Amino acid sequence: NSLNNCPYTLSKAGLEIIISCLIKEEGHNKLKFSVVAPGLVDSNMARRIAKIKGYEDYNFYVSEVLNNKILDCQYVAKQCIEVLNRPYDANSFYIDI
């Protein structure tokens, strides 16, 4: 089994590049662009990744392999809302949550 993660990873990188370009080209118009790239989120995809990597026990994978560095879906959603509510900032587009 493989992760078949290339298209997903490329699409995330492509979005970041597009947003960066739009900010440079349209930022003077005070248009607001944002990218939220949370990393690994506790989801079916995370469980699938754990299994593909050979970890049948998802909780072990999260605690021992990831050192509990996995985000809750609700937390990510709240952060997205916060990003949308932030005032315009010409110098920032990438929010690390």
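This is a tour of a predicted model, stop by stop, with a selection to make at each one.

Residue numbers start from 1 along each chain as its sequence is written, and the side-chain values use heavy atoms, with hydrogens and water left out. Because the model is predicted, local features need pLDDT of at least 70 and side-chain atom pairs count only at pLDDT 80 or more, while totals for chains, interfaces and linings use all residues.

**Whole chain**

Select the chain and colour it by secondary structure. It has four helices and two strands, where helices (H or I, at least four residues) and strands (E, at least two) are DSSP runs numbered from the N terminus. Along the sequence their order is α-β-α-α-α-β.

Switch to a surface. The accessible surface comes to about 7,100 Å², and carbon and sulfur atoms account for 54% of that; the areas come from the Shrake-Rupley method with a 1.4 Å probe, and for residues only the protein chains shown count as cover. Of the 97 residues in the chain, 23% are buried. Here buried means under 20% relative accessible area, exposed means over 50%, and partly exposed lies in between (1.4 Å probe, protein chains only).

For contacts, the cut-off is heavy atoms within 4.5 Å. Among contacts between residues at least 6 apart in sequence, 60% join residues at least 24 apart.

**Helix H2, residues 44-52**

Select 44-52, which is helix H2. Show the side chains of Ala46, Ile49 and Ala50, which are buried in H2. These buried residues fall within an arc of 100° seen down the axis, so they line one face of the helix. The arc is taken over the directions from the helix axis to the C-beta atoms. An α-helix has 3.6 residues a turn, so residues three or four places apart point the same way.

Rotate to the face of H2 turned away from the buried side: Asn44 and Lys51 are the exposed residues there. After H2, pick glycine 54, whose phi is positive, near 95°.

**The salt bridge**

Select aspartate 42 and arginine 47. Their side chains form a salt bridge, with 3.0 Å from N to O. The term covers a side-chain nitrogen of Lys or Arg within 4 Å of a carboxyl oxygen of Asp or Glu. A search of the whole structure finds one such bridge. Both partners are partly exposed: arginine 47 has a relative accessible area of 36%, and aspartate 42 has 29%.

**Helix H3, residues 58-65**

Add residues 58-65, helix H3, to the view; Tyr58, Tyr61 and Val62 are buried in it. They sit on the same side of H3, since they cover an arc of only 95° around the axis. What do the buried residues of H3 pack against? They pack against helix H2, and, seen from the other side, the cover over the buried residues of H2 includes H3. The face of H3 turned away from its buried side carries the exposed residues Asn59 and Glu64.

At the N-terminal end of H3, select aspartate 57. This residue caps the helix, with a side-chain oxygen 3.1 Å from the backbone nitrogen of asparagine 59.

**The loop between H3 and H4**

Move on to asparagine 67 and asparagine 68. Asparagine 67 lies in the loop between H3 and helix H4 (73-85), and asparagine 68 is in the loop between H3 and H4 too. Most residues other than glycine have a negative phi, and most peptide bonds are trans. Asparagine 67 has a positive phi near 50°, and asparagine 68 has one of about 60°. Asparagine 67 is exposed, at 52% relative accessible area, and asparagine 68 is exposed at 53%.

**The cysteines**

Select cysteine 73 and cysteine 80. Cysteine 73 is partly exposed at 39% relative accessible area, and cysteine 80 is partly exposed at 27%. How many disulfides does the count give? The count is zero, with a disulfide taken as a pair of cysteine sulfur atoms within 2.5 Å.

**Tyrosine 88**

Finish at tyrosine 88, in the loop between H4 and strand S2 (94-95). Tyrosine 88 is partly exposed, at 32% relative accessibility. Leaving out residues up to four places away in sequence, tyrosine 88 touches Gly27, Lys30 and Leu31. Add lysine 32 to the selection: the C-alpha atoms of tyrosine 88 and lysine 32 are separated by 6.1 Å, and the two residues are 56 residues apart along the chain.

Key. Polar contact = N/O pair within 3.5 Å; in protein donor to acceptor, adjacent residues only side chain to side chain.
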